[in-house]
Amino acid sequence: MTVDKLIKGKAKRILCFILSFILPIYMINFVFANSPEEFIITDARTYSEADIYKNHENSSKKIAITFDDGPHPQYTAQILDILKKYNIPATFFVVGTNVVRYPELITREIDEGHEIGNHTYNHAYLKNERRGTILNEIIDTERAIFEAADYRPKHLRPPGGMYNKEVCLLAGRLDYDIIIWDIDTRDWAKTPTDKIVNNVLTNVKSGDIILFHDFICGKSPTPEALEQIIPKLLEQGYSFVTVSELIYTN
Ligand SMILES: [Zn+2]
């Protein structure tokens, strides 16, 4: 075999390698790079997953009360009045469809010193959803909040408190922390006021994140429960802070 033939044989093998392996990989990347959703997923591997908080211990008896599912035209306004009366901040995890319906309540929440978090656009159980839906649910809510009040939320509370690795990865990629809770008042189930009050006062400890709802269909026990819980906790030396203040400071 001549040197000339040897070189030709090698060139052929290199060409075969390019056609069999490199070209298909290039084509796959080309297709995915042209889909924004897939681009984010591919890119996400270089980002860390969202941090998850259920509480955050501290030595100064700070706690965070949180309200999900709003805004609600009646109950959110009523709860804001109560918070104002005691001069305490809270965090509202809002649903995009309600933000669009009641943007003025988002503005009021921000103006009165409260924090806004993302609770998805359609109250979707993200754990059961595909990537594209998870992203849309988070991003559409973020856009609705931004359009209502020029505000960008930092925290995601997945509905039902349910998440999986993919939700954590995508939330992290979108620069969110995931916020759950360690006291569930079950106010959404119309738990009687005295049971809610008793549950919170018996179980509360420094660093807790407490779950309430400001959007409840029918009669809500929440405003009355707050009227009893807040003064008692203030008397016991607890201070109320937003979720950001709780988890980012000691
Ligand atoms: Zn919810």
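Where in the chain is P71 found? P71 sits in the loop between β2, residues 62-68, and α3. The peptide bond that leads into P71 from G70 is cis, and its omega is near 0°. I shall return to backbone geometry shortly. Please keep in mind throughout that this is a predicted model.

Let me begin with the chain as a whole. It contains 10 helices and 9 strands. Of its 250 residues, 37% are buried. If we take the contacts with a separation of 6 or more, 80% of them are between residues 24 or more positions apart.

I turn now to helix α5, which spans residues 103-111. Which of its residues are buried? They are L105, I106 and E109. Viewed down the axis of α5, these buried residues fall within an arc of 105°, so they line one face of the helix. A general point helps here: an α-helix has 3.6 residues a turn, so residues three or four places apart point the same way. On the other side of α5, we find E104 and D111 exposed.

What do the buried residues of α5 pack against? Their partners are two strands, β3 (91-94) and β4 (115-118), together with the helices α3 (75-86), α4 (96-101) and α6 (131-149). After α5 comes G113, which has a positive phi, near 90°.

Next, the helix pairs. In general, two packed helices are described by the angle between their axes and the distance between the axes.

Consider first α8, residues 193-203, and α9, residues 222-235. Their axes come within 9 Å and cross at roughly 30°. The two helices are therefore roughly parallel to each other, and the crossing of α8 past α9 is right-handed. On the α8 side, the contact is made by T193, I196, V197, V200 and L201. On the α9 side, it is made by E224, A225, Q228, I229 and K232. By character, the residues of this contact divide into 6 nonpolar, 2 polar and 2 charged.

The second pair is α6 and α7, the latter covering residues 165-173. Here the axes come within 11 Å and cross at roughly 45°, which makes α6 oblique to α7. This crossing, too, is right-handed. Which residues meet? From α6 there are R131, I134 and L135, and from α7 there are E166, V167 and L170. This contact comprises 4 nonpolar residues, no polar ones and 2 charged ones.

Helix α7 also holds G172. G172 counts as partly exposed because 18 other C-beta atoms lie within 10 Å, and a residue needs 20 or more to be buried. Between G172 and L156 there are 9.9 Å in space, C-alpha to C-alpha, at a sequence separation of 16 residues.

Let me now move to the loops, beginning with T120, which is placed between β4 and α6. Is T120 buried or exposed? T120 is buried, since 25 other C-beta atoms lie within 10 Å, against a cut-off of 20 or more. Leaving aside residues up to four places away in sequence, T120 touches V95, G96, L126, E137, I138, T141 and P159. Of these, E137, I138 and T141 fall within the residue range 131-149 of α6. T120 also lies 7.5 Å from V94, C-alpha to C-alpha, although the two are 26 residues apart in sequence.

Two further loop residues return us to backbone geometry. N87 lies in the loop between α3 and β3. Its phi is near 55°, a positive value in a residue other than glycine. N87 is exposed, as 10 other C-beta atoms lie within 10 Å.

D150 lies in the loop between α6 and β5, residues 155-156. The phi of D150 is likewise positive and near 55°, again in a residue other than glycine. With 9 C-beta neighbours inside 10 Å, D150 counts as exposed.

To close, I would draw attention to α6. This helix is packed against by the buried residues of α5, it crosses α7 obliquely, and it is bordered by two of the loops I described, that of T120 and that of D150.

Key:
Residues are numbered from 1 along each chain as its sequence is written. This is a predicted model: local features need pLDDT of at least 70, side-chain atom pairs count only at pLDDT 80 or more; totals for chains, interfaces and linings use all residues. A residue is buried if 20 or more other C-beta atoms lie within 10 Å of its own, exposed if 12 or fewer, and partly exposed in between; C-beta atoms are placed from the backbone. Helices (H or I, at least four residues) and strands (E, at least two) are DSSP runs, numbered from the N terminus. The arc is that of the directions from the helix axis to the C-beta atoms. Two residues are in contact if their C-beta atoms, placed from the backbone, lie within 7 Å. Axes are lines fitted to C-alpha atoms, for helices over the stretch in contact, and angles run from 0 to 180 degrees between N-to-C directions. Angles under 35 degrees count as roughly parallel, over 145 as roughly antiparallel, 65 to 115 as roughly perpendicular and the rest as oblique. A crossing is left-handed if the near helix is turned anticlockwise from the far one by less than a right angle, and right-handed if clockwise. Ala, Val, Leu, Ile, Met, Phe, Trp, Tyr, Cys and Pro count as nonpolar, Asp, Glu, Lys and Arg as charged, and the others, Gly among them, as polar.
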